[in-house]
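Hi everyone, thanks for coming. I'd like to walk you through one model today, so let me put it on the screen.

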Amino acid sequence: MSDSIILQARGLKKYYGEGETQVRALDGVDLDIERGKFTAIVGTSGSGKSTLLNMLGGLDTPSAGSIRVEHTELSGLSAEEATVFRRKQIGFIFQNYNLVPVLSVWENIILPISLDGRRPDRKFILKLVQLLGLEKKLDSLPGQLSGGQQQRAAIARALASKPSIVLADEPTGNLDTRTSGDVISLLKMTGREFHQTIVMITHNPEIAAMADRVIRIEDGRIATA
């Protein structure tokens, strides 16, 4: 695995069930993700793109195949080691934000860092917050924010621990067109600013067109890359 490749999958399979009812969510995926690039994964509903993203982030285990992040083989990690590795190396952005409703925006942003027993880099996070336009919302609860602001808070949380990779699953699915464009622009900007690799699932061709590379997945296999 060359230094220009940050994430690599080989022979990746995920099967559910057996016999005639077996579902092959992933059916032999080989994939290289280049360091520092913005990659979009597209495909119809049920094509396997969310399963692929979860595998790449170590949130699910494959039926067969291997995944390497940097030079770490995910299958070689215990459950506890995998959790710690994800918190340090991978930032996740979900469509439904996954903010903790009883915590302030600031507390949500630093939560993964706190869970890891580390001290937040306050200067770095405040710069991130300013880039995302959240500096006046840090004491607010998630329920007091608009959808776009909640998504920005989720982005800040994903980036705050300075992960090498940001994995985003339909992060604009609940947003209007204008806000969606703003969120993608912010992700690209912060990705450049902090030298992060972004892998995003999207069904929106306009958003996919903003990526450095588009990967299409069909029936659990890479169709075009």
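So, how many of the residues of strand β7, residues 165–169, are buried? Before I answer, please keep in mind that this is a predicted model. The answer is five of its five residues, so we can call β7 mostly covered, given that buried means under 20% relative accessible area.

Let's look at the two faces of that strand. On one side you have Ile-165, Leu-167 and Asp-169, and all of these are buried. On the other side, Val-166 and Ala-168 are buried as well, which leaves both faces of β7 covered.

Now for the neighbours. Strand β6, residues 90–94, runs parallel to β7, and five bridges join the two. Strand β8, residues 197–201, also pairs with β7 in the parallel sense, again over five bridges. If you'd like one residue to follow across, take Asp-169 in β7: it is the bridge partner of Phe-94, and it stands opposite Ile-201 in β8. To get from β7 to β8, the chain passes through helix α6, residues 177–193, in a right-handed β-α-β crossover.

Let me finish with another strand. Thr-39 lies in β3, which covers residues 38–42. Is Thr-39 buried or exposed? Its relative accessible area is 1%, so Thr-39 is buried. And what does Thr-39 touch, leaving aside residues up to four places away in sequence? The contacts are Ile-33, Ile-198, Val-199, Met-200, Ala-211, Arg-213 and Ile-215.

That's my tour, thank you!

Terms used
Residues numbered from 1 in each chain as written. Predicted model: local features only at pLDDT ≥ 70, side-chain atom pairs only at ≥ 80, totals over all residues. Heavy atoms only, no water. Helix = DSSP H or I, 4+ residues; strand = E, 2+ residues; numbered from the N terminus. Buried < 20%, exposed > 50% of the residue type's maximum accessible area, 1.4 Å probe, protein only. Contact = heavy atoms within 4.5 Å. Pairing = 2+ DSSP bridges. Right-handed = clockwise from strand over helix to strand, strands pointing away.
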